[in-house]
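I opened this notebook to look up two things, the aromatic ring pairs and the way a helix is packed. The entries below follow the order in which I looked.

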Amino acid sequence: MLLGLRTVIYRAPDLARAKQWYTTLLGVGPYFDEPFYVGFNVGGYELGLDPNGKGTSGACGATAYWGVAKLDDALARAREIGAPIVSPTQDVGEGIRVASVADPTGNIIGLIENPHFKLPDAGRG
C-alpha cells in the first residue's frame with residue numbers, strides 16, 4: 001500500500017518567519033508560495049509549511065505523508081483494519097489528493113496521491 005515518503009508538513013503560525021528560516025536553512029526559496037501554504041522541494045521531496053496546522057501529530061506538529069497510488073483504495077484498506085479517518089479526502093489542486101488516518105495509538109498517518117511526484121535519481125545526494 002505505501003509507496004514511500006512524499007511530504008512532511010510543519011505547523012507555521014508565523015508563515016513569513018518560517019518561510020524565511022527554511023529558505024535560509026535550505027539555501028533555496030520555496031517553489032510554491034501562497035498565504036495558505038508554502039512548499040519547498042528538498043531533494044525531490046516536499047517540505048511544507050502550514051499556517052493553519054493544528055499540530056496534532058507528534059510533539060513538533062509535523063505530519064508525514066506517505067505516497068499511495070490510489071487514495072480511495074488506501075483509505076478503504078485503512079478502514080478495513082480499523083483506522084479512523086482523521087482528515088477526509090481533500091483535493092489540494094493539480095490532481096493531488098490528501099487524507100489522514102490514525103493508527104491504534106493515535107499517531108497520524110498522512111496519505112497523499114500525487115500524480116506529479118517522481119523519485120529523485122538514486123545517484124544524487
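These entries take the helix before the aromatic rings.

Entry on the model. I keep in mind throughout that what I am reading is a predicted model.

Entry on helix 1. I took residues 15-26, which make up the 12 residues of helix 1, and compared the expected span at 1.5 Å a residue, 16 Å, with the separation of the end C-alpha atoms, which is also 16 Å, so the two agree. Just after helix 1 comes G27, and I noted its positive phi, near 75°.

Entry on burial. Which residues of helix 1 are buried? I found L15, A18 and Y22, and, looking down the helix axis, I saw these buried residues fall within an arc of 65°, so they line one face of the helix. On the other side of helix 1 I listed A16, R17, W21 and T24 as exposed. The cover over the buried residues of helix 1 includes strand 1 (4-11), strand 2 (32-34), strand 3 (37-42) and strand 4 (45-50).

Entry on aromatic rings. I counted seven aromatic pairs. For Y31 and F32 I read a centre distance of 6.5 Å and planes at 55°, and because that angle is neither under 30 nor over 60 degrees, the pair is tilted. F32 also pairs with F36, with centres 6.1 Å apart and planes at 65°, so I entered that pair as edge-to-face. I then checked accessibility: Y31 is exposed at 52%, whereas F32 is partly exposed at 30%. Finally, I traced ring pairs that link Y10, W21, Y22 and F40 into a cluster.

Terms used. Residues numbered from 1 in each chain as written. Predicted model: local features only at pLDDT ≥ 70, side-chain atom pairs only at ≥ 80, totals over all residues. Heavy atoms only, no water. Phe/Tyr/Trp six-rings, centres within 6.5 Å; stacked < 30°, edge-to-face > 60°. Buried < 20%, exposed > 50% of the residue type's maximum accessible area, 1.4 Å probe, protein only. Helix = DSSP H or I, 4+ residues; strand = E, 2+ residues; numbered from the N terminus. Expected span 1.5 Å × (residues − 1). Arc of directions from axis to C-beta. Contact = heavy atoms within 4.5 Å.
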